[in-house]
Amino acid sequence: MGYVLETKDLTKKYGSKIAVNKVNMHIPEGRIYGLIGRNGAGKTTVMRMISGLSRPTDGDYSLFGQTGAQRGRLLRQVGVLIESPGIYPKFSAQENLRIKCIALGVDARTEIPRLLEAVGLEGVDSKKGAGSFSLGMRQRLGIALAMVGAPRLLILDEPINGLDPQGIVEMREILVRLREEQGISIMISSHILEELDKVADLYGVIHEGNLLDEFSAEQLHLRSGKYVKIRTDNPSAAMEVLAKMNIPAQRMEERGCIRVSGNLDQTAAISRELVNAGIGLEEIFLRSLSLEDYYLRMTGGERDV
Ligand code: ATP
């Protein structure tokens, strides 16, 4: 599988300040890539460079395998939503899309219904000015605008920021649908790590301009040390039941709690055996390190992202 985007020592300096430092980033085709970082980490600067809005001070990048003049032509296949979407507030969603379609020479009649449906705005009033939309609707219209011209790569800077829980769920569904149904690759930045955890296939962690690590969702789960936590009213008896089942387990410091690190697929069997042995099962659940915990461990930071 090829990369839709690959950067090589990508660097941006503002005077003596290094905003992005020798970043080597890889986005495979048809994947959602979550770029994680605190405010000022360099996320927007990376996104501006790879969407052609600002020039790298050093280093290079390829789009769909191309660099140089070839890459310049391919920039048309990159849809961008950086900071707030450029929406004309007095115009409706349809009119905003029509303006962009005309600018890019795209057939508005077929594109507008397709785009509105893709972002869940198909029922929107064609007379209502976009200025009166909720933040979630504006962000969705921003994504539709970025998708005019059927891009192969979407770059979305903090599209979840400020959305209410319902808006976050809707945004997640839209992004997953774009990947599934249209095969679009998506780069999405956020500092809301819990939300990226549910949408991204792989991650890049940026901190003070440096890309600290890239890893897949599967690697995150492997590295995060998943385990089953069991809380019972009789942990000693529960340990005996687990030993009989040949399931390695340890008592935890937390009162009544046991940790099982392997056999994660046996949660149902464990519950059944414990209950059959007359042990009161207060809770049993799969625990893993969240993306946020992982990020904090890597950057040695405070719990304020
Ligand atoms: P945020 O979520 O706050 O936008 P970010 O991760 O997107 O954070 P950037 O906006 O990329 O961070 O900024 C990275 C660093 O570069 C910051 O220290 C910022 O102050 C600096 N910076 C960004 N743009 C400029 C500019 N035009 N001139 C000078 N410094 C800049």
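Before we start, one term: a contact means heavy atoms within 4.5 Å. The exercises below use a predicted model, in which local features need pLDDT of at least 70, side-chain atom pairs count only at pLDDT 80 or more, and totals for chains, interfaces and linings use all residues. Residues are numbered from 1 along each chain as its sequence is written, and side-chain values use heavy atoms, with hydrogens and water left out.

**Exercise 1. Get your bearings**

Task: find how many helices and strands the protein has, and what share of its residues is buried.

Solution:
- Begin with the elements, which are DSSP runs numbered from the N terminus: helices are H or I with at least four residues, and strands are E with at least two. The protein has eleven helices and 14 strands.
- Next comes burial, where buried means under 20% relative accessible area, exposed over 50%, and partly exposed in between (1.4 Å probe, protein chains only). Of the 305 residues, 47% are buried.
- Then take the extent: along the principal axes, the C-alpha atoms fill a box of roughly 70 × 50 × 35 Å.
- Finally, among contacts with a separation of 6 or more, 69% are between residues 24 or more positions apart.

**Exercise 2. The two sides of a helix**

Task: work out which residues of helix α9 are buried, and what covers them.

Solution:
- Helix α9 spans residues 235–244, and its buried residues are Pro235, Ala238, Val241 and Leu242.
- These residues lie on the same side of α9 because they cover an arc of only 115° around the axis. The arc is that of the directions from the helix axis to the C-beta atoms.
- Turn to the other side of α9 and you find Glu240 and Lys244 exposed.
- The cover over the buried residues of α9 includes β11 (227–232), β12 (250–251), β13 (257–260) and α10 (267–276).
- After α9 comes Asn246, which has a positive phi, near 60°.

**Exercise 3. Follow the salt bridges**

Task: for Arg114, Arg140 and Arg179, name the salt-bridge partner and say whether each side is buried or exposed.

Solution:
- A reminder first: side chains of opposite charge can pair when their charged atoms come close. Here a salt bridge is a side-chain nitrogen of Lys or Arg within 4 Å of a carboxyl oxygen of Asp or Glu, and the structure holds nine of them.
- Arg114 pairs with Glu111, with the closest N and O atoms 2.9 Å apart. The two are three residues apart in helix α4 (residues 108–118), so about one helical turn separates them. Arg114 is partly exposed at 29%, whereas Glu111 is buried at 10%.
- Arg140 pairs with Glu170, and their closest N and O atoms are 3.2 Å apart. Because Arg140 lies in helix α5 and Glu170 in helix α6 (residues 165–182), the pair ties together parts that are 30 residues apart in sequence. Arg140 is buried at 12%, and Glu170 is partly exposed at 25%.
- Arg179 meets Glu180 at 2.8 Å, N to O. Arg179 is buried at 15%, while Glu180 is exposed at 55%.
- To finish, look for the network of salt bridges that links Lys229, Arg231, Glu254 and Glu283.

**Exercise 4. Explore two pockets**

Task: state the volume of the largest pocket and of the second largest pocket, and the make-up of each lining.

Solution:
- Set the terms first. On a 1 Å grid over the protein atoms alone, a pocket is an open set of points with protein on both sides within 12 Å along at least five of seven lines, and lining residues have an atom within 4 Å of a point. Points are joined across faces, edges and corners, and a volume is the space filled by probe spheres set on them.
- The largest pocket has a volume of about 340 Å³. It is lined by 15 residues, with Leu75, Arg76, Val78, Lys100 and Leu104 the closest to its centre.
- Two or more lining residues come from each of β6 (78–81) and α3 (93–104), and β6 gives the most, with three.- By class, that lining has nine nonpolar, four polar and two charged residues. Ala, Val, Leu, Ile, Met, Phe, Trp, Tyr, Cys and Pro count as nonpolar, Asp, Glu, Lys and Arg as charged, and the others, Gly among them, as polar.
- The second largest pocket has a volume of about 220 Å³. Its lining has 13 residues, and Val80, Pro85, Gly86, Lys100 and Leu145 lie nearest its centre. Elements giving two or more residues to this lining are β6, α3 and α5 (135–146).
- The lining of the second largest pocket divides into eight nonpolar, four polar and one charged.

Terms used:
1 Å grid on protein atoms, 1.4 Å probe; cavity = no way out; pocket = protein on both sides within 12 Å on 5 of 7 lines; lining within 4 Å.
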